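Colleague: Thanks for sitting down with me over this one. Could you walk me through it, starting with the backbone and ending at the ligand?

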Amino acid sequence: MSITYFEKEQIFHLQTPNTSYVLGVLDGKHLLHLYYGKRIDEYSSILDNFPIAGELAFSPIDVPEHFMSTNMLPMEYPCYGSADFRSPAFHAEYEDGSSVTCFEYESYEIFKGKKKLSGLPATYVEDESEADTLEITLCDRLTGVRAVLSYSVFNTVDAIAKSVCVKNLGNQTIQLKTALSSTVHLFDKNYEFVHLEGAWAKERSIQKRPLLNGSMQIESKRVTSSHHHSPFVALARPYATETQGDVYGFSFVYSGNHIEQVEVNEFDTARVNVGINPFGFSWQLTPNAEFQTPEVVLTYSDCGFGKMSRTYHKLYRTRLVRGKYRDEQRPVLINNWEATYFDFNEEKILKIASKAQSVGIDLMVLDDGWFGKRNSDNCSLGDWVVDRTKLPDGIESLATKVNEMGMKFGLWFEPEMISEDSDLYRAHPDWCIHVEGRNRTPARQQLMLDLTRAEIRDYIVDSVCSVLKSAPISYVKWDMNRNATELGSKSLPPERQQEFAHRYVLGIYEVMERITSQFPDVLFEGCSGGGGRFDAGMLYYYPQYWTSDNTDGVERLSIQHGTGMVMPASTMGAHISAVPNHQVGRTTPLTFRGHVAMAGQFGYELDLNTLSDEEIEIVKEQVKLYKEIRDVVQKGELYRLASPFEGRNTSWEYVYEDRVVLTYYTIRARSTMGKTCIKLCGLDGDAKYTDTASGKTYSGSYLMNVGLYFEDKKDYSSQLFVFQKQ
Ligand code: DGJ
């Protein structure tokens, strides 16, 4: 059992293999966060070693027994209304107009395994021995409102999944204004706030800034998790590197408005809050109703960012992603988007497929433009009926012909959207998200469907499922190309309109659950104008995600490096596209683009018929090589050896069982020709490793300590090594 309760001391000690998380109940009332970090053997008592110090002035004394204030205490689930002036995790309004909540400890329960979160994505266990769960109930005595704090402690991964269920067991209707998923306290401020910022075509660049007194936060108000700020934050010691230093990771398993906030108070302690963004949020809880927050996955690493990432990769790859493709080999695909955009017909697609088949590609994906009258992005979203001018014999015929060539067939959808120029909009102009009397602001000439309405969710499920049933479709790319504006739904009464953003997210989760469970053999790839909604919540439904619309090899190094902070390589769609690159105009060698794409979920996004014979030979070799190494890349442990955010080169290493894949990329050549030393990690020092191309053998200790030397002679040059352990 990884959770121990010390009754006399009223201490809960949660232990993963290498970490400890300690909670204590002060005077049977106040639930305090006492410690999170490297695993410890014991934690004696709260009062022996109280984790705060400070001047009481202007901190009202609401813990009179100890002449103390909750403003100074590390409250585990801080609520608004009394003496704690820091940002709360919980804030509610009551029928009398007041918003004072005083949560006090009520009870606890410890059980084996981990419960499902109803309607929400979450990490899971396959056997109850994999995790233990602690549930602590807090109670607001005056109103009867309870907060049940849940902690699932994984037994073989250094991760703790936290969430909260608010239960209104009183007899009045309350309005939740803030209900976050997790609060943690760090007892000094010598940390950097590390997060992943971005935009369309520049997703997840690593940002670091020192904590200062006051608040620092990232958030989304776009109804999706967004390109702009991934729902993730790390608190890292300023000296932390890939291999050293304390790093705390907080990854939010949610796809909507989120907030990751750190507040450093006047005593220099840091409170880390993560949850649904309280901005624009309110949730009505009638008597006996419950509100379940999404989960946050916490990890602590004493060996820098690399270990943090490997914990997320392992957990998410094996216990967040579900379904057949969690473990099965993923196909190498070709997508026609950058090859044709909207300008295609059956002949063109079959020509691309035929060439793709001849080089060993497994799956042909038909992207946007196959339905309605969609010859540009200004119409037809919502009309999921094949365009017979482009595909006279329909999807079934095309899919069957692709199958007959020996390849699988995949199809693009953007089901959450509606074009004003569509039959669907003409029939149901009120189905889009809108507020009566206000402008309906288009983005990419499209509006969003109101997924808070059951009949609209049914329409999406029915229309996507009927296409999937009509043809041998093995893969779906599920796109989402805008963020929501003018939030409102006619399904909601005025007092529930502020529930819209979260209800939208619950709506898309329900739709995805219904569709994916009906088609367990179909591989789903998420997409939102590239990696706009590439979050842990989505991985519960889609085992892979289109990482970015930016397919330039150089830009992709940074995008994949940043994305890999949390997301495993098996989830990151990465394709070779044409040069000059369509997004940035850069020309890089085919080999370089290949080595970059092979570091993720490999595929192509161009018309192979435009390549020379010599290039086609390279493509054949690439497909063959990727099929040989895909297990290592997709299931291996990732070591980031050189970062594109820090230098002219990038290097990644994947270690899986007895094989190692090492990549090295030179972005810019150097005039003074000093060599770059790359030291490998994670090997068996006593074992021998043979470079399968050259036959050269090195010891693990040599590769890890002496390393390999690389010359940065040429812009956009790259190497990929496969080592076999002897
Ligand atoms: C945005 C996606 O990210 C692209 O890959 C492509 O599918 C287009 N949408 C199609 O409209």
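Modeller: Happy to, and please keep in mind that this is a predicted model. A good place to begin is proline 580, which is found in the loop between strand S30 (572-577) and helix H11 (590-597).

Colleague: Which form does the peptide bond from valine 579 to proline 580 take, cis or trans?
Modeller: Most peptide bonds are trans. Here omega is near -5°. The bond from valine 579 to proline 580 is therefore cis.

Colleague: Where is the residue that has a positive phi although it is not a glycine?
Modeller: Most residues other than glycine have a negative phi. Aspartate 268 has a phi of about 65°. Its place is the loop between strand S17 (258-264) and strand S18 (270-276).

Colleague: Let's move inside. How much space lies in the largest cavity?
Modeller: Searching the whole structure turns up 7 cavities of 30 Å³ or more. The largest cavity holds about 130 Å³.

Colleague: Which residues lining the largest cavity are the closest to its centre?
Modeller: The lining has 16 residues, and by class they are 9 nonpolar, 6 polar and 1 charged. Helix H10 (553-563), helix H12 (613-635), strand S32 (637-642) and strand S33 (649-656) each give at least two residues to this lining. Closest to the centre of the largest cavity are His313, Ala569, Met572, Leu638 and Tyr654.

Colleague: And the second largest cavity: how many of its lining residues are nonpolar?
Modeller: That cavity has about 80 Å³ of space. Its lining is made of 13 residues, with Ser230, Phe232, Phe534, Val566 and Met567 the closest to the centre. By class, 3 are polar and 2 are charged, while the nonpolar ones number 8.

Colleague: Now for the ligand. Where does the ligand sit?
Modeller: The place to look is a pocket with about 460 Å³ of space. Of its 27 lining residues, Trp200, Arg444, Asn481, Gly529 and Asp549 are the closest to the centre. The lining divides into 8 nonpolar, 9 polar and 10 charged residues. The ligand sits in this one, the largest pocket.

Colleague: Which residues around the ligand come nearest?
Modeller: The shell around the ligand has 4 nonpolar, 3 polar and 6 charged residues. Of these 13 residues, the nearest are Asp367, Asp368, Lys477, Asp479 and Asp549.

Colleague: What is the distance from an oxygen atom of the ligand to an N or O atom in the side chain of aspartate 549?
Modeller: Let me set it beside two other contacts. The side chain of tryptophan 412 has an N or O atom 3.1 Å from a ligand oxygen, and a polar side-chain atom of aspartate 479 is 2.7 Å from a ligand nitrogen. For the side chain of aspartate 549, the distance to a ligand oxygen is 2.3 Å.

Colleague: With those contacts in mind, how much of the ligand's accessible area does the protein cover?
Modeller: On its own, the ligand has 290 Å² of accessible area. The share of that area covered by the protein is 98%.

Methods
Residues are numbered from 1 along each chain as its sequence is written. This is a predicted model: local features need pLDDT of at least 70, side-chain atom pairs count only at pLDDT 80 or more; totals for chains, interfaces and linings use all residues. Side-chain values use heavy atoms; hydrogens and water are left out. A residue is near a molecule or strand if one of its heavy atoms lies within 4 Å of it. A polar contact is a pair of N or O atoms within 3.5 Å; within protein, one must be able to donate a hydrogen and the other to accept it, and residues adjacent in sequence count only if both atoms are side-chain atoms. Accessible areas come from the Shrake-Rupley method with a 1.4 Å probe; for residues, only the protein chains shown count as cover. On a 1 Å grid over the protein atoms alone, a cavity is a set of points where a 1.4 Å probe fits but cannot get out, and a pocket is an open set with protein on both sides within 12 Å along at least five of seven lines; lining residues have an atom within 4 Å of a point. A molecule sits in a cavity or pocket if more than half of its atoms lie within 2 Å of its grid points. Ala, Val, Leu, Ile, Met, Phe, Trp, Tyr, Cys and Pro count as nonpolar, Asp, Glu, Lys and Arg as charged, and the others, Gly among them, as polar. Grid points are joined across faces, edges and corners, and a volume is the space filled by probe spheres set on the points. Helices (H or I, at least four residues) and strands (E, at least two) are DSSP runs, numbered from the N terminus.
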